[in-house]
Amino acid sequence: MSLELSVVVLAAGMGTRMKSALPKVMHKVAGKPMVNHVIDTAAKLNAGKTMIVVGPDMPKLVEAVSPHPTFEQTDRLGTAHAVLAAKEGLSGLSGNVLVLYADSPLFTAETLERLVAARESGDHAVAVLGFRPDDPTGYGRLVTDGADGELVAIVEDKECNAQQRDIDFCNSGVMCFRAKDMIATLEAIDNANAKGEYYLTDAVAVARAKGHSCAAIEVDEEETLGVNSRVQLAVAEAIMQDRLRDAAMVDGATLIDPASVFLSSDTKLGRDVIVEPNVVFGPGVVVGDNTVIKAFSHLESCHVGEGADIGPYARLRPGAVIGAGAKVGNFVEIKKAILEDGAKVNHLSYIGDARVGAKANIGAGTITCNYDGFRKQHTDIGKGAFIGSNSSLVAPVEIGDGAIVGAGSTITGKVAADALTLTRAERVEKAGWAAKFREKMRALTGKK
Ligand code: UD1
Ligand code: MG
C-alpha cells in the first residue's frame, strides 16, 4: 500500500514529573530516545516529511531529531495550538498527516498504517486511534454514532457529562488528518473549555460541523502507553525489551533466558547465535551467525564475527571488532581494537587501540598500556604471534608476525617477525635460605 503521509510529532513538554534536566522525550527506551522511536516508527511507513514541535530552549532535542525540521511552541496553549506551531510545514501538503506524541514510544508501524488506511479508505477528515482502558479517567472519550460507528466527537475528561464519562472507548492521542483541510479545521478550534486550551480533539466536532466524516479504530492498550514518570519509563522499557527479545528469537537467535538479556533497539543478532543468561547489548552491536555470547557479557558499539566465542564475563567496548572464530574469554576487555579471524584473548586482559593479527594468541593477564595520561597509542600484533602471560605492551608497540613474547615481559617499540623477545629480571636462588629465615624469626618473636 502506498500512502502519502506526513507526520507531526508533539515534543514540547518538559515532563516535570521526570524530575530531570533532560526534556522528557530524550529519555531512552532500549538505548534510544523516545522521540527517535516515534520518528523511526513513522519512517517505516515511508513518511515523506516529519516535523517535530519542540518547546523553548531544547537544543539537545533539536539535535537528536536532526535533520527533521523542528518548530517551536513558545506557550503551551494546548495540543491543537502545538500542531499549529508547525503550520508553515503543514501548508500545501496532500494525503495524510499523522499526529503523534513523542512520549508514546510503543505504537507499532502496523497500527499506524491501519489508522492511515482507515482515514484514507473512508476519505474521512479525521481518523482517531482509540483504546479501551480499565480506567478511562483522564482520557478523551470517543463518542460514536451507534448505527455505523462513525466518530461524532471527542469529549475531554474534564468536559464530560455523566453519560459521556461512562464511555470506555478513549482517545490514545494518535490522530490522522486529511492534509488538505487540516489547517482550516485546526484554526476553527477555540479554547472555550474547562482548561482554556486549544484541544486538538475538538477537530472532530469542527469537521463534523462542516459536513465531513470522522472515524475511530481500536488498538490494544499496551501500545498506547504514554511516559510521564520514570516508573512509566521502566514499564515502557519492559514492554520494548520483550518485543526485541521475541524479534531476535523469531530471526533465529536462541536466548536461553530471554528475560535476563537486555537488547538495544538496533541490536542485530545473526542466525544460530546463542545468548546465555545475563547479557547486555548496548547500542550499535552486530553479531554474526553461529556465535556464542556467554553469560554476564556486556557489549556496546562493536562487531562480532561469525562463529566467535565471547565470554563469560567479557566486555566489548566501542570499536571492538571481533573476527570470525575469534575468542574473547572471561574478564577480558576489548576497546577500539580489531581481533582478526581466529585470534584468542582468553583470560583477564585489556586490549585497547590495537590490532591482533589472525590466529595470534594473547596470554592471560596481557595488558596493552595504551594511554600515557595524555595520548592514546596503538599496539600492533602480527598474525600468529604469541604473547606470554602477564605481559605489558607499552604502546606504541609493533610485534611482528609469528613473534613470541616471553611471559611477564614489558615490551616497547618493535619486535621482528618470528623473534623471541622477553624482559625478565635475572633469577636468584639461595639454597636453604627460607628455612634459616623461619628459624631466626621464631627465635626472635617466640611464635611457633
Ligand atoms: C490528550 C488528549 C486526550 C487523550 C490523551 C491521551 C487533547 C486535548 N487531549 O490529553 O483526548 O485521551 O492525550 O494520552 O489532545 N503538548 C504540547 N503542547 C501543548 C499541550 C500538549 O506539545 O500545548 C504535548 C504534551 O507534551 C504531550 C501531548 O501533547 O506529549 C498531550 O498533551 P497532554 O497535556 O498530556 O494531553 P492530555 O490531557 O493527556
Ligand atoms: Mg497526557
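Two strands count as paired here if DSSP finds at least two bridges between them. Keep that in mind as you click through this model, which is predicted.

**Stop 1: a hairpin**

Select residues 141-145, which are strand 8, together with residues 150-155, which are strand 9. The two run antiparallel and are joined over five bridges. Zoom in on V143 and you will find A153 of strand 9 standing opposite. Now look at the turn: four residues lie between the strands of this hairpin, and G149 takes a positive phi near 70 degrees.

**Stop 2: ligand 1**

Next, show ligand 1 and the residues around it, 19 in number. Those that come nearest are Q73, G78, T79, E156 and N171. Colour the shell by type and you should see seven nonpolar, eight polar and four charged residues.

Which residues place an N or O atom by an oxygen atom of the ligand? Try these three:

- E156: a polar side-chain atom is 2.7 Å from a ligand oxygen.
- N171: here a backbone N or O atom lies 2.7 Å from an oxygen of ligand 1.
- R76: an N or O atom of the side chain is 3.4 Å from a ligand oxygen.

On its own, ligand 1 has 750 Å² of accessible area, and the protein covers 84% of that. Switch on a surface, if you like: the space the ligand takes is the largest pocket. Helix 3 (79-84) and strand 10 (170-178) are the elements that each give two or more residues to the shell.

**Stop 3: the ten-stranded sheet**

Now hide the ligand and follow an open sheet of ten strands, paired in parallel, in the order 12-14-17-20-23-25-27-30-32-34. Its edges are strand 12 (254-255) and strand 34 (420-421); each has a single partner strand, so one side of each is left without a neighbour in the sheet. At the strand 34 end, select residues 404-405, strand 32, which pair with strand 34 in the parallel sense over two bridges. I404 stands opposite L420 of strand 34.

**Stop 4: backbone details**

Where do the cis peptide bonds on this tour sit? One runs from G311 to P312, with omega near 0 degrees; P312 is in the loop between strand 20 (309-310) and strand 21 (314-316). Another joins A395 to P396, with omega near 5 degrees, and P396 belongs to strand 31 (residues 392-399).

Finish at D57, in the loop between strand 4 (49-54) and helix 2 (59-65). D57 is not a glycine, yet has a positive phi of about 60 degrees.

Methods:
Residues are numbered from 1 along each chain as its sequence is written. Chains are lettered from A and ligands numbered from 1 in the order in which they are written. This is a predicted model: local features need pLDDT of at least 70, side-chain atom pairs count only at pLDDT 80 or more; totals for chains, interfaces and linings use all residues. Side-chain values use heavy atoms; hydrogens and water are left out. A residue is near a molecule or strand if one of its heavy atoms lies within 4 Å of it. A polar contact is a pair of N or O atoms within 3.5 Å; within protein, one must be able to donate a hydrogen and the other to accept it, and residues adjacent in sequence count only if both atoms are side-chain atoms. Accessible areas come from the Shrake-Rupley method with a 1.4 Å probe; for residues, only the protein chains shown count as cover. On a 1 Å grid over the protein atoms alone, a cavity is a set of points where a 1.4 Å probe fits but cannot get out, and a pocket is an open set with protein on both sides within 12 Å along at least five of seven lines; lining residues have an atom within 4 Å of a point. A molecule sits in a cavity or pocket if more than half of its atoms lie within 2 Å of its grid points. Ala, Val, Leu, Ile, Met, Phe, Trp, Tyr, Cys and Pro count as nonpolar, Asp, Glu, Lys and Arg as charged, and the others, Gly among them, as polar.
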